[in-house]
Amino acid sequence: MGFRVIIDELHAELARQGHPDVRPMHGFVMQAIGPYGTTAADLGRRIGVSKQAAGKTIANLEAMGYVVLAQDPNDARRKLARLTERGVDSLVRSARIFDEIRARWADGLGADRLRAFEADLRHMTPDDFFRLDVPGWFGAAG
């Protein structure tokens, strides 16, 4: 529930800052696309969905102006999804908003207590397990 509260607050503020259509899953997908771009197949593997589902998400992000499709310079048969300036802006703003929320939580709980809590969560969760195969879990509250 704590994660959900943070994500919902982050996206409400992100909407106020000019990104009203970005949903939690979009942020995770844009992070998975990364600074060098990726194909739909590679994106699907990274986030644990089919190539078709990844392609549909890329198409949605492209329609919203967050991603552009370009030829892969190393293989003309492949299309790379790359973040646009708008996509990068949404990620930069998201990181800044997250840091502000975390600072507020540190003020409320105490910085040492929050650090200990985060360390405990890291200890109890696998390092390499973060699959985005349950998109509904990241949907808007309602």
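## Thr39, helix α1 and the nonpolar core

Thr39 sits in the loop that links α2 and α3. Keep in mind that this is a predicted model. Is Thr39 buried or exposed? Its relative accessibility is 9%, and buried means under 20%, so Thr39 counts as buried. A polar atom of the Thr39 side chain lies 3.1 Å from the backbone nitrogen of Asp42. Setting aside neighbours within four places in sequence, Thr39 also makes contact with Arg78, Lys79 and Leu80.

Now for the core. The largest nonpolar core has 20 residues, and those touching the most other members are Val29, Ile33, Leu43, Ile58, Leu61, Tyr66 and Val67. Five helices each give two or more residues to this core, as listed here:

| Helix | Residue range |
|---|---|
| α1 | residues 2-16 |
| α2 | residues 24-33 |
| α3 | residues 40-47 |
| α4 | residues 51-63 |
| α5 | residues 85-109 |

The top contributor is α2, with five residues. As for Leu43, its contacts are Val29, Ala32, Ile33, Thr38, Ala54 and Ile58, leaving out residues up to four places away in sequence.

Back to the start of the chain: α1 has 15 residues and spans 22 Å from first C-alpha to last, close to the expected 21 Å. Its buried residues are Ile6, Ile7, Leu10, His11 and Leu14. Looking down the axis of α1, these buried residues fall within an arc of 125 degrees, so they line one face of the helix. That fits a general rule: an α-helix has 3.6 residues a turn, so residues three or four places apart point the same way. The cover over the buried residues of α1 includes α2 and α5. Just past α1, Gly18 adopts a positive phi of about 105 degrees.

Technical notes: Residues numbered from 1 in each chain as written. Predicted model: local features only at pLDDT ≥ 70, side-chain atom pairs only at ≥ 80, totals over all residues. Heavy atoms only, no water. Helix = DSSP H or I, 4+ residues; strand = E, 2+ residues; numbered from the N terminus. Expected span 1.5 Å × (residues − 1). Buried < 20%, exposed > 50% of the residue type's maximum accessible area, 1.4 Å probe, protein only. Arc of directions from axis to C-beta. Contact = heavy atoms within 4.5 Å. Core = buried A, V, L, I, M, F, W, Y, C linked by side-chain atoms within 4.5 Å. Polar contact = N/O pair within 3.5 Å; in protein donor to acceptor, adjacent residues only side chain to side chain.
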